[in-house]
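Work through the exercises below with the sequence and the model open side by side. Each task is followed by a solution in steps.

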Amino acid sequence: MSITFVLMPRILLIDDDQLLLIALRAAFEQRDRPIVVDTASTAEQALRLVQLTDYDTIVSDFNMPGLNGIDFLKECKTTRPDIPIILLTGYGTYELEEEALNQGAYALVQKPVDADVFVSVVTRGILRREVRRAGFIQGQLFAAENERLSSRLKAIDARLKDQIEEAKKTNPKKTTDPSENV
């Protein structure tokens, strides 16, 4: 019998509105796939959590005291570029969305938040990270196997060259000079 450990996805929700944090957390409690939800009420508090915890997705309000969403996004992308970051905003414009996506945001979600849409976007962010993480691990395995095979091929190649050189010494190739046939 083997035991398999499955890590639950972990997300971080950041908003200065405590009622919204409670509602967003509750949106995940009714789902088939359990997700660990951490919360922070400031971007500064969230940055400390990001340094300590490996999150699968981060959701941040855009308009908060201190760092705004874009500044928070930039800070996170500096230290953890692999984590999808979703920004929430009640003041969304095309320009804001374009800037957020250009700075590396995974998505921009408009407030008021529809719980099903929100959970869907966060779940896609989690899946994206899981796929990238799996690809990275497989890439490392592929690189190790590629290195092993390359090393083996170099050894075979060297041995073949030695055998060819030895064969040349023991059986020198007879060459015929066309002028001798005259």
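**Exercise 1: the surroundings of S41**

S41 lies in the loop between β2 (36-40) and α2; helices (H or I, at least four residues) and strands (E, at least two) are DSSP runs, numbered from the N terminus. The model is predicted, so local features need pLDDT of at least 70 and side-chain atom pairs count only at pLDDT 80 or more, while totals for chains, interfaces and linings use all residues. Residues are numbered from 1 along each chain as its sequence is written, and side-chain values use heavy atoms, with hydrogens and water left out.

Task: State how S41 is classed by accessibility and which residues it touches, not counting residues up to four places away in sequence.

Solution.
- Step 1. Apply the classes: buried means under 20% relative accessible area, exposed over 50%, and partly exposed in between (1.4 Å probe, protein chains only). S41 has 26% relative accessibility, so it counts as partly exposed.
- Step 2. List the contacts, where contact means heavy atoms within 4.5 Å. Leaving out residues up to four places away in sequence, S41 touches D15, D16 and Q18.
- Step 3. Check the backbone. The C-alpha atoms of S41 and D17 are separated by 7.3 Å, although the two residues are 24 apart along the chain.

**Exercise 2: strand β4 and its neighbours**

Task: Determine whether the residues of β4 (residues 85-89) are buried or exposed, and which strands pair with β4.

Solution.
- Step 1. Go through the strand residue by residue. Five of the five residues of β4 are buried, so the strand is largely enclosed by the rest of the structure.
- Step 2. Sort the side chains by direction. In a regular strand the side chains alternate between the two faces of the sheet. Here I85, L87 and T89 point one way, I86 and L88 point the other way, and all are buried.
- Step 3. Find the partners; two strands pair if DSSP finds at least two bridges between them. β3 (residues 57-61) runs parallel to β4 and is joined to it by four bridges, with S60 opposite L87. β5 (residues 107-110) is also parallel to β4 and joined to it by four bridges, and there L87 stands opposite L108.
- Step 4. Trace the connections. The chain crosses from β4 through helix α4 (residues 94-102) to β5, and this β-α-β crossover is right-handed; that is, with the strands pointing away from the viewer, the path from the first strand over the helix to the second runs clockwise. β3, helix α3 (residues 69-79) and β4 also make a right-handed β-α-β unit.

**Exercise 3: salt bridges**

Task: Find the salt-bridge partners of D54 and K111, and say where in the chain each pair sits.

Solution.
- Step 1. Use the criterion: a side-chain nitrogen of Lys or Arg within 4 Å of a carboxyl oxygen of Asp or Glu. The structure holds eight such salt bridges.
- Step 2. Take D54. Its side chain meets that of R80 (2.5 Å, N to O). D54 lies in the loop between α2 (43-52) and β3 and R80 in the loop between α3 and β4, so the pair ties together parts that are 26 residues apart in sequence. D54 is partly exposed at 40% relative accessibility, whereas R80 is buried at 19%.
- Step 3. Take K111. Its side chain meets that of D61 (3.1 Å, N to O). The pair links distant parts of the chain, 50 residues apart: K111 is in the loop between β5 and α5 (115-170), and D61 is in strand β3. K111 is partly exposed at 26% relative accessibility, and D61 is buried at 3%.
- Step 4. Extend from R80. D82 forms a salt bridge with R80, with the closest N and O atoms 3.7 Å apart. D82 is partly exposed, with a relative accessible area of 33%. Salt bridges that share partners join D54, D56, R80, D82 and R129 into one network.

**Exercise 4: the nonpolar core**

Task: Name the residues that touch the most other members of the largest nonpolar core.

Solution.
- Step 1. Define the set: buried Ala, Val, Leu, Ile, Met, Phe, Trp, Tyr and Cys residues joined through side-chain atoms within 4.5 Å.
- Step 2. Of the 22 residues in the largest core, L12, I14, I58, F72, C76 and L87 touch the most other members. The elements that give two or more residues to this core are β1 (10-14), α2, α3, β4 and α4.
- Step 3. Inspect C76. Not counting residues up to four places away in sequence, C76 touches L47, V50, I58, P81 and I85.
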